[in-house]
Amino acid sequence: MSTVFVAASKLPTPHGTFTMHGFQDNATGKEHLALTMGNVGNGEPVLGRIHSECLTGDAFGSMRCDCGPQLEAAMAAVAKEGRGIILYLRQEGRGIGLLNKVKAYELQDRGADTVEANEQLGFAADLRTYDMCGVMLRHLSITKMRLMTNNPRKVDAMKGLDIDIVERVPLQTGQNPHNERYLETKVVKLGHLYNNA
């Protein structure tokens, strides 16, 4: 596997102090992070989220998606429990990259949905991969997770990496009038689970 651990440091946040673990994927050049709180390597199932980078939502507060609120809610949930992990993966725009995401948004402004926009640009609906998560979790001695996600693909991907997903924890937040169609498209075309389905 091309993903290697680089360094770890403390990360004070409004939710409390996490430990930030940095990883380098030498095959892609991408840098990924794991934020942990508490003793995650004691063998007990760990509350966690796999979050793909979304600059517009995570940093700018975009209301076109639910990414920023999901990240905030996941950090708050980990802090409340006092133990957990967030894997922050550099896979902007479901893997198409930031500038292609801007192009996709332009197509959405003209009427395409989030899947149609990616396809019109010549991409699959979702190009993300999760192999790096196996290295990151093994480094932290995590083998069992309670995964905060609405995306069954993430559950399947973790199972394929021999990570035992003992529970899928719905993470439904950030709905607003600007992302109604986006969320509906994720359910209808990408198989995401909402309303505790």
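User: How many salt bridges does the structure hold?
Analyst: The model in front of you is a predicted one, and its salt bridges were found from the positions of its side-chain atoms. As a general background, side chains of opposite charge can pair when their charged atoms come close. In this structure, the number of salt bridges is eight.

User: Which residue forms a salt bridge with D109, and where in the chain does the partner lie?
Analyst: D109 belongs to helix α3, whereas its partner sits in the loop between α1 (55-59) and α2 (67-81), so that the pair links distant parts of the chain, 45 residues apart. D109 is exposed, because its relative accessible area is 59%, while the partner is partly exposed, with a relative accessible area of 26%. The closest N and O atoms of the two are 3.1 Å apart, and the partner of D109 is R64.

User: Are the two residues of the salt bridge between E92 and K101 buried or exposed?
Analyst: The closest N and O atoms of E92 and K101 are 2.6 Å apart. A residue counts as buried when its relative accessible area is under 20%, and E92 has a value of 6%, while K101 has a value of 7%. Therefore E92 is buried, and K101 is likewise buried.

User: What is the N to O distance in the salt bridge of R128 and D126?
Analyst: R128 is buried, with a relative accessible area of 10%, and D126 also counts as buried, at 15%. The side chains of R128 and D126 meet in a salt bridge, and the N to O distance is 2.8 Å.

User: Which residues of α3 are buried, and why do they line one face of the helix?
Analyst: An α-helix has 3.6 residues a turn, so residues three or four places apart point the same way. Seen down the axis of α3, the buried residues fall within an arc of 160°, and therefore they line one face of the helix. These buried residues pack against α1 and α4 (114-120). The buried residues of α3 are K101, A104, Y105, L107 and Q108.

User: Which exposed residues does the face of α3 turned away from its buried side carry?
Analyst: L99, which lies in helix α3 (residues 98-109), counts as exposed because its relative accessibility is 65%. L99 also takes part in a nonpolar patch on the surface, which L98, L99 and V102 form with about 280 Å² of accessible area together. The exposed residues carried by the face turned away from the buried side are L99 and D109.

User: How far apart are the end C-alpha atoms of α3?
Analyst: At 1.5 Å a residue, the 12 residues of α3 should span 16 Å, so there is an expected length with which the model can be compared. The computed distance agrees with this expectation, the end C-alpha atoms being apart by 16 Å.

User: What is the phi of D162, and is D162 buried or exposed?
Analyst: Most residues other than glycine have a negative phi, and most peptide bonds are trans. D162, in the loop between α6 (152-160) and β7 (164-169), has a positive phi near 65° although it is a residue other than glycine. Because its relative accessibility is 69%, D162 counts as exposed.

User: Which residue in the loop between β5 (84-89) and α3 has a phi near 50°?
Analyst: The residue asked for counts as buried, because its relative accessibility is 11%. Its phi near 50° is a positive value in a residue other than glycine, and the residue lying in this loop is R94.

How values were computed:
Residues are numbered from 1 along each chain as its sequence is written. This is a predicted model: local features need pLDDT of at least 70, side-chain atom pairs count only at pLDDT 80 or more; totals for chains, interfaces and linings use all residues. Side-chain values use heavy atoms; hydrogens and water are left out. Patches are made of residues with over 30% relative accessible area and no salt bridge: like charges are joined within 9 Å, nonpolar side chains (Val, Leu, Ile, Met, Phe, Trp, Tyr) within 5 Å. Accessible areas come from the Shrake-Rupley method with a 1.4 Å probe; for residues, only the protein chains shown count as cover. A salt bridge is a side-chain nitrogen of Lys or Arg within 4 Å of a carboxyl oxygen of Asp or Glu. Helices (H or I, at least four residues) and strands (E, at least two) are DSSP runs, numbered from the N terminus. Buried means under 20% relative accessible area, exposed over 50%, partly exposed in between (1.4 Å probe, protein chains only). The expected span of a helix is 1.5 Å times one less than its number of residues. The arc is that of the directions from the helix axis to the C-beta atoms. Contact means heavy atoms within 4.5 Å.
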